[in-house]
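Work through these exercises with the structure open beside you. Try each task before you read its solution.

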Amino acid sequence: MTVIPLFHVLILSTLLFAIGFIGVVARKNTLFILMSLEIMLNAVGVAFIGAGSVWQQADGQVMFLLILTLAAAEVAVGLALLIRMQKKYRSLDIDLLNQMKG
Amino acid sequence: MIVLLASLPFYPLVSFLVLIAFGKKLSWQLAAIISVSSIALTVLVSAILLFELSASQNQVLTVNLWHWFDLTNQMGTSEVNMRFYLDGLSAVMISVVTGVGFLIHLFAAIYMKTDANFSRFMAYMNLFIVAMLILVLADNLVLLYLGWEGVGLCSFLLIGFWYQEKSNILAARKAFIVTRIGDTSMVIGLLLLFNTFGELNIKAVTTLAQQGHNLAAGSSPVSSAEQANDIYWIALLLLGGAVGKSAQLPLQTWLPDAMAGPTPVSALIHAATMVTVGVYLIARMHGIFLLVPEVMNYVAWLGASTLLLAGVAALAQTDIKRVLAYSTMSQIGYMMLALGAGAWSAGVFHLMTHAFFKALLFLTAGAVIYALHHQQNLFKMGGLFKKLPFETSLFVVGLICLMALPGTSGFFSKEAIIAQLWSSSTAGPMLWWCAILGALLTSIYSCRLFFLAFLGTARFSENTHPEKSTLLRSALIVLALLSLFGGLIPLDLTLVFSTVIQTPLAQLIEPTWLHTVAIITPFIGILFSWFYFKNYRLSPLKGTKHNIQPSKGKFVVFCRQGLGFDACYNALLVKPYQWLAQINKHDIFDQIIMLNAGYVNLWHDSLIFVQNGSLRWYLAAFGLAIMLLLGVSLL
């Protein structure tokens, strides 16, 4: 079994993170923003797993489990908000929620 | 006793501070008691001081309060002290300032009772008395100048007392700026004086000037031509200061407008005391003026021309207070004429009697205006003789003093002036005739005023409501008594004005008819106006419409508007200055200031732009910042 070098893992993780971030910033649809957030979280997860396997320690996987639960909770709350938003505005455009500007 | 002299200006000062600090909380009664009693105290103290002064050997009292600062020039160092100096001349002034000031305060306390800012008014009046006392008691010219500016400030504050109306503010500003021209000339005069004599102490300057005079009288002129030239300019510049403050010819335009202030202010500041400080200044510096007879001649001519022009202008006015203002101007012209002729004590005597009767006239006019619901237009008065007999009789007393009918105080002082004009070396027969013509004008405009306001039929519909307060009336009665009998007060100023003009020419022979003419003149004026202003005096016949209107003739309007001086100054000075200010609005300093505003505005705009409420923008900024920080820390 060939060991994947940590560098490659980190490149993948960074790419995923960048894709996720660009998705969050660029998409208007709140559902897609949530999905992009998931991608970002998973990018971090990949980095943890990779690091854990390189140093042969379980901490990386424990961390990933924590992130997973966090992501599940976040998505639950996010989707609930999404439903409310759909009911109120009949749209999922995030820019509609700018009423608290200074 | 010296303590008393030192404390003289402090009673009103304390009252001023109390009124300014607690003004809003004091009731009318308390504020009135504090302000009036402080002046009553100064009256008491000055009475004691007058007594002391006559008992002292050299007729001078001095007290040194503290050392203020030193002035140095190439001739040495001169101390400028807070030192009060009381001699015959300042004794006359303090008795006028405190005595008349007290009566006017008493009147004002009742007259202004209903005003919302009563305590502020009384505070300013007290401050005025403080400044005036410092001015007349000053031992050196710097301290005198402090008081000089102080009275100017109070005049400004009190003319603009009812600041909600724009015309009052404009009048206050005009008074301040016009007198400032005179003040500037006076400062230059003082600096030149210090440069020439190396002294600013009044006594020392007078002594030095007298030495110069005595030396010049002896055949060899010791003082160099340059110094003589300097003294000429000093006298001229000091005269400029006096002209500004006393509303004499080129700078007289502020006084009629100053009548916008409350009537007690017109009585106290613009009739009795402040406008006469120019006369006081020249009398104080008589040592300098004696050295330059040319300037004394100018003073006399200036006084005479103001006397005549103001008399003519007074003939055309429609506002009762403006008539009195022009009359004040013309009476100060008499004083200047007296000073110019070297009749120092006659001028100061007229200053005193004028303070009495002009204060009486103004206060009575104030009472009349009050009774008529603030109506000042003479052509809307008439027939007040029957409705306000008390005010009318007091006004008559004031007017006969103003016209100088024999026996009144005005008669003694004005005759004293006129008597010395003919034979004076700096005046002469021409100026004597001017004074006589002025007396004629005085009696004519006084009669016109009296006929219009008090005789004939009433040209108003409302009921009169005179103020019947005993205190107010007693203040008026005391002033009336002073006006009638003030001429009997013995005024001995020979010690102050010990030097007299040595007439180098042969004494002019005085014709015997001089005094007769001077005494008869006012009666001629009365007789003339009795027939000329018949319409004003008589009630119209039944059936005919009474219709007395101010004349619309071009010359009359020209006189009413102050003989074109205002229009001239507007066109020559005010308009060009405003134009200059307009085109120079965005100069470099303005732009530097506005740069700050632009900078703040830029930040404001960019911060507003950042706070747009859009989540995605915030995130983008967040990510960018993190990348930047990471980049910086990695590098």
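**Exercise 1: two helices side by side**

In chain B, the axes of helix 3 (residues 28-55) and helix 5 cross at roughly 10° and come within 10 Å. The model is predicted. Task: decide how helix 3 of chain B and helix 5 of chain B run relative to each other, roughly parallel or roughly antiparallel.

Solution.
- Step 1. Recall the cut-off: angles under 35 degrees count as roughly parallel.
- Step 2. Apply it. The crossing angle is roughly 10°, so helix 3 of chain B and helix 5 of chain B are roughly parallel.
- Step 3. Find the contact. Helix 3 of chain B brings W28(B), A31(B), S35(B), S38(B) and I39(B). Helix 5 of chain B answers with F118(B), S119(B), M122(B), M125(B), N126(B) and I129(B).
- Step 4. Sort by class. This contact has seven nonpolar, four polar and no charged residues.

**Exercise 2: another partner for helix 5**

Task: describe how helix 4 (residues 88-111) of chain B packs with helix 5 (residues 118-137) of chain B.

Solution.
- Step 1. Choose the quantities. Two packed helices are described by the angle between their axes and the distance between the axes.
- Step 2. Read them off. The angle is about 175°, and the axes are 10 Å apart.
- Step 3. Compare with the cut-off: over 145 degrees counts as roughly antiparallel. Helix 4 of chain B and helix 5 of chain B are therefore roughly antiparallel.
- Step 4. Look at the residues. Helix 4 of chain B contributes, among them, S90(B), M93(B) and H105(B). From helix 5 of chain B come residues including M122(B), M125(B) and I129(B).
- Step 5. Sort by class. There are 12 nonpolar, three polar and no charged residues in this contact.

**Exercise 3: helix 16 and the core**

Task: find which helix gives the largest share of the largest nonpolar core, then describe its packing with helix 18 of chain B.

Solution.
- Step 1. The core has 205 residues. F128(B), L337(B), A359(B), L360(B) and A435(B) touch the most other members.
- Step 2. Helix 16 (residues 344-371) of chain B supplies the largest share, 18 residues.
- Step 3. The axes of helix 16 of chain B and helix 18 (residues 389-403) of chain B come within 9 Å and cross at roughly 150°. That makes the two helices roughly antiparallel.
- Step 4. The crossing of helix 16 of chain B with helix 18 of chain B is left-handed.
- Step 5. L360(B) belongs to this contact on the helix 16 side. By class, the contact has 10 nonpolar, two polar and one charged residues.

Key: Residues numbered from 1 in each chain as written. Chains lettered and ligands numbered in written order. Predicted model: local features only at pLDDT ≥ 70, side-chain atom pairs only at ≥ 80, totals over all residues. Core = buried A, V, L, I, M, F, W, Y, C linked by C-beta atoms within 7 Å. Buried ≥ 20, exposed ≤ 12 C-beta atoms within 10 Å, placed from the backbone. Helix = DSSP H or I, 4+ residues; strand = E, 2+ residues; numbered from the N terminus. Axes fitted to C-alpha atoms, helices over the stretch in contact; angles between N-to-C directions. Parallel < 35°, antiparallel > 145°, perpendicular 65-115°, else oblique. Contact = placed C-beta atoms within 7 Å. Nonpolar A, V, L, I, M, F, W, Y, C, P; charged D, E, K, R; others polar. Left-handed = near helix turned anticlockwise from the far one by under 90°.
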